[in-house]
Amino acid sequence: MLRRLALAMAAVATVAAGVALAVILTSPDDLRDPTDGEIRAGILATVRPLAPADELERRISESLKADDPEEAGDLFDLADLLGITVDPSLRRQYEEKLEWLPTLKRSAGAGARGFVTGEGEGTAGTVGAVISDLTVIGDLRDATAQTGHYLNGEPVDEVVLALSAAGIGLTGAVLATGGVAAPVKVGVSVAKFAHRTGRMTKGFSRSVIELARLKDTAKLQDAMRSLGTIGKAASPRGALTVMRSLEHVDDLPCAEKVAVMMGKPTAGLFKVAGRRVFDGFAKIAVRSAAAVWALGALIVSAVVGLLGLILSAATVLGTVMATLHLLRKAVRGQSAA
(Lines give C-alpha, C1' and ligand atoms only; values in the text may rest on other atoms or scores of the structure.)
Protein backbone atom coordinates (compact mmCIF):
# COMPACT_ATOMS: atom_id res chain seq x y z
CA MET A 1 0.00 0.00 0.00
CA LEU A 2 2.75 2.44 0.99
CA ARG A 3 4.74 1.54 -2.12
CA ARG A 4 1.79 2.37 -4.37
CA LEU A 5 1.21 5.64 -2.55
CA ALA A 6 4.87 6.54 -2.89
CA LEU A 7 4.89 5.76 -6.61
CA ALA A 8 1.71 7.83 -7.09
CA MET A 9 3.21 10.79 -5.23
CA ALA A 10 6.42 10.57 -7.26
CA ALA A 11 4.46 10.49 -10.51
CA VAL A 12 2.34 13.50 -9.52
CA ALA A 13 5.44 15.42 -8.42
CA THR A 14 7.24 14.66 -11.70
CA VAL A 15 4.33 15.83 -13.85
CA ALA A 16 3.79 18.98 -11.73
CA ALA A 17 7.50 19.80 -11.80
CA GLY A 18 7.62 19.40 -15.59
CA VAL A 19 4.61 21.69 -16.10
CA ALA A 20 5.95 24.28 -13.64
CA LEU A 21 9.39 24.29 -15.22
CA ALA A 22 7.86 24.74 -18.68
CA VAL A 23 5.85 27.74 -17.46
CA ILE A 24 8.93 29.33 -15.86
CA LEU A 25 11.01 28.90 -19.01
CA THR A 26 8.33 30.19 -21.39
CA SER A 27 6.92 33.08 -19.31
CA PRO A 28 8.74 36.34 -20.08
CA ASP A 29 9.75 38.55 -17.19
CA ASP A 30 7.71 41.67 -16.50
CA LEU A 31 9.70 44.92 -16.48
CA ARG A 32 9.23 47.84 -14.14
CA ASP A 33 10.87 51.23 -13.79
CA PRO A 34 13.33 51.53 -10.90
CA THR A 35 12.44 53.68 -7.90
CA ASP A 36 14.34 56.89 -7.18
CA GLY A 37 16.29 55.06 -4.47
CA GLU A 38 17.25 52.30 -6.90
CA ILE A 39 18.30 54.86 -9.53
CA ARG A 40 20.49 56.68 -7.03
CA ALA A 41 22.05 53.42 -5.81
CA GLY A 42 22.61 52.31 -9.41
CA ILE A 43 24.33 55.59 -10.33
CA LEU A 44 26.62 55.46 -7.31
CA ALA A 45 27.45 51.80 -7.96
CA THR A 46 28.40 52.69 -11.54
CA VAL A 47 30.49 55.75 -10.69
CA ARG A 48 32.29 54.54 -7.55
CA PRO A 49 34.70 52.13 -9.33
CA LEU A 50 35.52 54.87 -11.88
CA ALA A 51 36.47 57.42 -9.21
CA PRO A 52 38.97 55.98 -6.71
CA ALA A 53 40.68 58.49 -4.44
CA ASP A 54 43.97 58.52 -6.37
CA GLU A 55 42.20 59.19 -9.67
CA LEU A 56 40.15 62.04 -8.22
CA GLU A 57 43.26 63.58 -6.65
CA ARG A 58 45.11 63.36 -9.96
CA ARG A 59 42.32 65.09 -11.84
CA ILE A 60 41.84 67.75 -9.15
CA SER A 61 45.57 68.50 -9.19
CA GLU A 62 45.54 68.89 -12.99
CA SER A 63 42.53 71.24 -12.80
CA LEU A 64 44.23 73.44 -10.20
CA LYS A 65 47.45 73.58 -12.22
CA ALA A 66 45.39 74.65 -15.25
CA ASP A 67 43.84 77.44 -13.12
CA ASP A 68 40.39 75.87 -13.44
CA PRO A 69 39.03 75.78 -9.87
CA GLU A 70 35.48 75.28 -11.14
CA GLU A 71 36.39 71.88 -12.57
CA ALA A 72 38.26 71.02 -9.37
CA GLY A 73 35.12 72.02 -7.47
CA ASP A 74 33.04 69.58 -9.51
CA LEU A 75 35.42 66.78 -8.54
CA PHE A 76 35.44 67.81 -4.86
CA ASP A 77 31.62 67.69 -4.92
CA LEU A 78 31.79 64.18 -6.36
CA ALA A 79 34.33 63.09 -3.74
CA ASP A 80 32.03 64.39 -0.99
CA LEU A 81 29.08 62.53 -2.51
CA LEU A 82 31.04 59.27 -2.60
CA GLY A 83 32.48 59.80 0.89
CA ILE A 84 36.07 59.91 -0.40
CA THR A 85 38.69 61.83 1.58
CA VAL A 86 40.89 63.97 -0.67
CA ASP A 87 44.41 65.14 0.17
CA PRO A 88 43.94 68.23 2.43
CA SER A 89 46.72 70.11 0.61
CA LEU A 90 44.66 69.98 -2.59
CA ARG A 91 41.65 71.39 -0.80
CA ARG A 92 43.80 74.24 0.56
CA GLN A 93 45.01 75.04 -2.96
CA TYR A 94 41.40 75.00 -4.16
CA GLU A 95 40.30 77.41 -1.44
CA GLU A 96 43.17 79.77 -2.29
CA LYS A 97 42.00 79.82 -5.90
CA LEU A 98 38.54 80.86 -4.70
CA GLU A 99 39.77 83.91 -2.79
CA TRP A 100 38.09 87.08 -4.00
CA LEU A 101 41.02 88.72 -5.87
CA PRO A 102 42.03 85.72 -8.06
CA THR A 103 38.34 85.04 -8.69
CA LEU A 104 37.71 88.64 -9.70
CA LYS A 105 40.64 88.62 -12.14
CA ARG A 106 39.40 85.44 -13.79
CA SER A 107 35.75 86.48 -13.85
CA ALA A 108 35.79 90.09 -15.04
CA GLY A 109 37.02 89.53 -18.58
CA ALA A 110 35.25 86.19 -19.04
CA GLY A 111 31.91 87.58 -17.87
CA ALA A 112 32.08 90.58 -20.20
CA ARG A 113 33.13 88.40 -23.13
CA GLY A 114 30.30 85.98 -22.44
CA PHE A 115 27.74 88.81 -22.34
CA VAL A 116 28.93 90.46 -25.55
CA THR A 117 29.76 87.43 -27.71
CA GLY A 118 27.84 84.55 -26.12
CA GLU A 119 31.17 82.74 -25.73
CA GLY A 120 33.69 82.43 -22.94
CA GLU A 121 35.20 80.07 -20.43
CA GLY A 122 34.40 79.10 -16.88
CA THR A 123 31.44 80.00 -14.74
CA ALA A 124 31.73 83.74 -15.37
CA GLY A 125 31.68 83.36 -19.16
CA THR A 126 28.67 81.04 -18.96
CA VAL A 127 26.78 83.38 -16.64
CA GLY A 128 27.56 86.36 -18.87
CA ALA A 129 26.15 84.55 -21.91
CA VAL A 130 23.04 83.46 -19.98
CA ILE A 131 22.39 87.00 -18.73
CA SER A 132 22.66 88.43 -22.22
CA ASP A 133 20.07 85.91 -23.46
CA LEU A 134 17.73 86.55 -20.54
CA THR A 135 17.70 90.23 -21.50
CA VAL A 136 16.93 89.19 -25.14
CA ILE A 137 20.10 90.97 -26.29
CA GLY A 138 21.90 87.71 -26.94
CA ASP A 139 19.02 86.13 -28.88
CA LEU A 140 18.60 89.23 -31.06
CA ARG A 141 22.37 89.39 -31.65
CA ASP A 142 22.52 85.75 -32.74
CA ALA A 143 19.33 85.78 -34.82
CA THR A 144 20.49 88.94 -36.63
CA ALA A 145 23.89 87.42 -37.35
CA GLN A 146 22.38 84.23 -38.81
CA THR A 147 19.86 86.21 -40.88
CA GLY A 148 22.78 88.23 -42.29
CA HIS A 149 24.55 85.00 -43.25
CA TYR A 150 21.42 83.81 -45.05
CA LEU A 151 20.98 87.08 -46.98
CA ASN A 152 24.63 87.01 -48.01
CA GLY A 153 24.41 83.46 -49.22
CA GLU A 154 26.69 82.27 -46.40
CA PRO A 155 26.22 79.08 -44.33
CA VAL A 156 23.60 79.45 -41.61
CA ASP A 157 24.01 77.80 -38.23
CA GLU A 158 20.59 76.19 -37.94
CA VAL A 159 21.07 75.26 -34.29
CA VAL A 160 21.84 78.83 -33.20
CA LEU A 161 19.04 80.21 -35.40
CA ALA A 162 16.46 77.74 -34.02
CA LEU A 163 17.46 78.38 -30.41
CA SER A 164 17.61 82.17 -30.86
CA ALA A 165 14.15 82.21 -32.44
CA ALA A 166 12.83 80.14 -29.54
CA GLY A 167 14.53 82.48 -27.05
CA ILE A 168 13.06 85.62 -28.64
CA GLY A 169 9.59 84.08 -28.56
CA LEU A 170 10.00 83.12 -24.92
CA THR A 171 11.01 86.59 -23.75
CA GLY A 172 7.40 87.73 -23.72
CA ALA A 173 6.39 84.52 -21.95
CA VAL A 174 8.94 85.15 -19.19
CA LEU A 175 7.54 88.65 -18.61
CA ALA A 176 3.93 87.48 -18.85
CA THR A 177 4.38 84.61 -16.39
CA GLY A 178 6.42 86.56 -13.88
CA GLY A 179 9.49 84.44 -14.50
CA VAL A 180 7.82 81.00 -14.60
CA ALA A 181 9.18 80.46 -18.12
CA ALA A 182 12.69 81.57 -17.10
CA PRO A 183 14.09 77.98 -16.92
CA VAL A 184 13.27 77.56 -20.61
CA LYS A 185 15.21 80.73 -21.45
CA VAL A 186 18.15 79.55 -19.35
CA GLY A 187 18.03 76.21 -21.18
CA VAL A 188 18.10 77.96 -24.55
CA SER A 189 21.12 80.01 -23.51
CA VAL A 190 23.00 76.98 -22.12
CA ALA A 191 22.28 75.04 -25.32
CA LYS A 192 23.62 77.87 -27.50
CA PHE A 193 26.70 78.20 -25.34
CA ALA A 194 27.27 74.44 -25.50
CA HIS A 195 26.95 74.49 -29.27
CA ARG A 196 29.41 77.37 -29.67
CA THR A 197 32.01 75.87 -27.36
CA GLY A 198 31.89 72.35 -28.77
CA ARG A 199 30.09 70.79 -25.82
CA MET A 200 26.96 69.87 -27.81
CA THR A 201 27.16 66.48 -29.53
CA LYS A 202 26.34 66.12 -33.21
CA GLY A 203 23.38 63.90 -32.34
CA PHE A 204 21.90 66.53 -30.02
CA SER A 205 22.45 69.23 -32.68
CA ARG A 206 20.61 67.14 -35.27
CA SER A 207 17.68 66.58 -32.90
CA VAL A 208 17.36 70.36 -32.30
CA ILE A 209 17.42 71.06 -36.05
CA GLU A 210 14.85 68.33 -36.65
CA LEU A 211 12.45 69.84 -34.09
CA ALA A 212 12.91 73.29 -35.64
CA ARG A 213 12.18 71.97 -39.14
CA LEU A 214 9.10 70.13 -37.89
CA LYS A 215 8.03 73.33 -36.09
CA ASP A 216 7.60 71.23 -32.93
CA THR A 217 7.92 74.25 -30.66
CA ALA A 218 6.31 72.51 -27.68
CA LYS A 219 8.84 69.67 -27.58
CA LEU A 220 11.76 72.06 -28.10
CA GLN A 221 10.55 74.22 -25.21
CA ASP A 222 10.10 71.14 -22.99
CA ALA A 223 13.66 70.09 -23.80
CA MET A 224 15.02 73.54 -22.98
CA ARG A 225 13.01 73.61 -19.75
CA SER A 226 14.69 70.35 -18.70
CA LEU A 227 18.09 71.82 -19.55
CA GLY A 228 17.26 74.96 -17.56
CA THR A 229 16.29 72.79 -14.57
CA ILE A 230 19.65 71.00 -14.83
CA GLY A 231 21.35 74.39 -14.82
CA LYS A 232 19.43 75.43 -11.72
CA ALA A 233 20.21 72.19 -9.83
CA ALA A 234 23.85 71.79 -10.88
CA SER A 235 24.76 75.35 -12.07
CA PRO A 236 24.78 76.51 -15.72
CA ARG A 237 28.39 75.40 -16.06
CA GLY A 238 27.42 71.98 -14.69
CA ALA A 239 24.71 71.76 -17.33
CA LEU A 240 27.39 72.29 -19.99
CA THR A 241 29.28 69.29 -18.62
CA VAL A 242 26.11 67.21 -18.81
CA MET A 243 25.57 68.33 -22.42
CA ARG A 244 28.73 66.52 -23.52
CA SER A 245 26.99 63.19 -22.77
CA LEU A 246 23.61 63.86 -24.41
CA GLU A 247 23.03 62.40 -27.87
CA HIS A 248 19.43 63.56 -28.34
CA VAL A 249 16.92 65.91 -26.74
CA ASP A 250 15.16 62.75 -25.53
CA ASP A 251 18.08 62.20 -23.11
CA LEU A 252 17.18 65.37 -21.22
CA PRO A 253 14.38 64.01 -18.95
CA CYS A 254 16.74 61.39 -17.46
CA ALA A 255 19.56 63.92 -17.12
CA GLU A 256 17.13 66.33 -15.43
CA LYS A 257 16.11 63.63 -12.94
CA VAL A 258 19.76 62.95 -12.11
CA ALA A 259 20.40 66.66 -11.55
CA VAL A 260 17.35 67.14 -9.33
CA MET A 261 18.24 64.00 -7.37
CA MET A 262 22.00 64.59 -7.03
CA GLY A 263 22.31 68.40 -7.10
CA LYS A 264 25.77 69.96 -7.49
CA PRO A 265 27.70 66.66 -7.82
CA THR A 266 25.85 66.08 -11.12
CA ALA A 267 28.66 67.70 -13.11
CA GLY A 268 31.27 65.47 -11.46
CA LEU A 269 29.16 62.38 -12.08
CA PHE A 270 28.92 63.06 -15.82
CA LYS A 271 32.54 64.21 -15.99
CA VAL A 272 33.72 60.83 -14.67
CA ALA A 273 31.08 58.41 -15.97
CA GLY A 274 29.53 60.10 -19.04
CA ARG A 275 26.49 58.26 -20.38
CA ARG A 276 27.06 55.39 -17.96
CA VAL A 277 25.23 57.57 -15.43
CA PHE A 278 22.07 56.52 -17.28
CA ASP A 279 22.69 52.84 -16.41
CA GLY A 280 20.80 53.47 -13.19
CA PHE A 281 17.60 53.96 -15.22
CA ALA A 282 17.64 50.42 -16.65
CA LYS A 283 14.32 48.64 -16.17
CA ILE A 284 14.25 45.91 -13.53
CA ALA A 285 13.11 42.42 -14.49
CA VAL A 286 10.33 41.02 -12.29
CA ARG A 287 8.98 37.49 -12.59
CA SER A 288 5.51 37.40 -14.13
CA ALA A 289 2.59 36.22 -12.01
CA ALA A 290 2.40 32.95 -13.96
CA ALA A 291 6.08 32.28 -13.33
CA VAL A 292 5.69 33.04 -9.61
CA TRP A 293 2.83 30.55 -9.33
CA ALA A 294 4.81 28.02 -11.33
CA LEU A 295 7.78 28.49 -9.02
CA GLY A 296 5.49 27.80 -6.06
CA ALA A 297 4.17 24.69 -7.79
CA LEU A 298 7.74 23.57 -8.45
CA ILE A 299 8.57 23.88 -4.75
CA VAL A 300 5.41 21.99 -3.75
CA SER A 301 6.14 19.23 -6.26
CA ALA A 302 9.67 18.95 -4.90
CA VAL A 303 8.30 18.53 -1.37
CA VAL A 304 5.75 15.95 -2.55
CA GLY A 305 8.45 14.12 -4.48
CA LEU A 306 10.69 14.12 -1.42
CA LEU A 307 7.87 12.68 0.73
CA GLY A 308 7.26 10.04 -1.92
CA LEU A 309 10.93 9.19 -1.94
CA ILE A 310 10.94 8.88 1.86
CA LEU A 311 7.86 6.63 1.76
CA SER A 312 9.39 4.55 -1.00
CA ALA A 313 12.62 4.24 0.98
CA ALA A 314 10.65 3.29 4.09
CA THR A 315 8.78 0.64 2.10
CA VAL A 316 11.98 -0.82 0.71
CA LEU A 317 13.58 -0.74 4.14
CA GLY A 318 10.55 -2.51 5.63
CA THR A 319 10.70 -5.19 2.92
CA VAL A 320 14.42 -5.70 3.52
CA MET A 321 13.90 -5.95 7.30
CA ALA A 322 11.08 -8.46 6.84
CA THR A 323 13.21 -10.54 4.50
CA LEU A 324 16.11 -10.53 6.96
CA HIS A 325 13.75 -11.55 9.76
CA LEU A 326 12.50 -14.51 7.73
CA LEU A 327 16.05 -15.53 6.89
CA ARG A 328 16.99 -15.45 10.58
CA LYS A 329 14.02 -17.63 11.48
CA ALA A 330 14.93 -20.06 8.74
CA VAL A 331 18.53 -20.24 9.93
CA ARG A 332 17.41 -20.81 13.53
CA GLY A 333 15.01 -23.53 12.41
CA GLN A 334 17.77 -25.37 10.59
CA SER A 335 20.08 -25.03 13.58
CA ALA A 336 17.44 -26.43 15.91
CA ALA A 337 16.86 -29.42 13.57
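How many of the eight residues of helix H13 (residues 236-243) are buried? In this predicted model, the count is seven, and the helix is mostly covered.

**View 1. Burial along helix H13 (residues 236-243).** The buried positions are Arg 237, Gly 238, Ala 239, Leu 240, Thr 241, Val 242 and Met 243. Three of these buried residues, Gly 238, Thr 241 and Val 242, also take part in the contact with helix H15 shown in View 2.

**View 2. Packing of helix H13 against helix H15 (residues 266-273).** Two packed helices are described by the angle between their axes and the distance between the axes. For H13 and H15, the angle is about 25 degrees and the axes are 8 Å apart. Because angles under 35 degrees count as roughly parallel, H13 and H15 are roughly parallel to each other. Their crossing is left-handed.

**View 3. Residues at the contact of H13 with H15.** From H13, Gly 238, Thr 241 and Val 242 meet Thr 266, Ala 267, Phe 270 and Lys 271 of H15. By class, this contact of H13 with H15 comprises three nonpolar, three polar and one charged residues.

**View 4. Surroundings of Thr 266 in helix H15.** Thr 266 has a relative accessibility of 0% and therefore counts as buried. A polar atom of the Thr 266 side chain lies 2.6 Å from the backbone oxygen of Gly 263. When residues up to four places away in sequence are not counted, Thr 266 touches Ala 234, Val 242, Val 258 and Ala 259. Of these neighbours, Val 242 belongs to the H13 side of the contact in View 3.

Note on methods:
Residues are numbered from 1 along each chain as its sequence is written. This is a predicted model: local features need pLDDT of at least 70, side-chain atom pairs count only at pLDDT 80 or more; totals for chains, interfaces and linings use all residues. Side-chain values use heavy atoms; hydrogens and water are left out. Buried means under 20% relative accessible area, exposed over 50%, partly exposed in between (1.4 Å probe, protein chains only). Helices (H or I, at least four residues) and strands (E, at least two) are DSSP runs, numbered from the N terminus. Axes are lines fitted to C-alpha atoms, for helices over the stretch in contact, and angles run from 0 to 180 degrees between N-to-C directions. Angles under 35 degrees count as roughly parallel, over 145 as roughly antiparallel, 65 to 115 as roughly perpendicular and the rest as oblique. A crossing is left-handed if the near helix is turned anticlockwise from the far one by less than a right angle, and right-handed if clockwise. Contact means heavy atoms within 4.5 Å. Ala, Val, Leu, Ile, Met, Phe, Trp, Tyr, Cys and Pro count as nonpolar, Asp, Glu, Lys and Arg as charged, and the others, Gly among them, as polar. A polar contact is a pair of N or O atoms within 3.5 Å; within protein, one must be able to donate a hydrogen and the other to accept it, and residues adjacent in sequence count only if both atoms are side-chain atoms.
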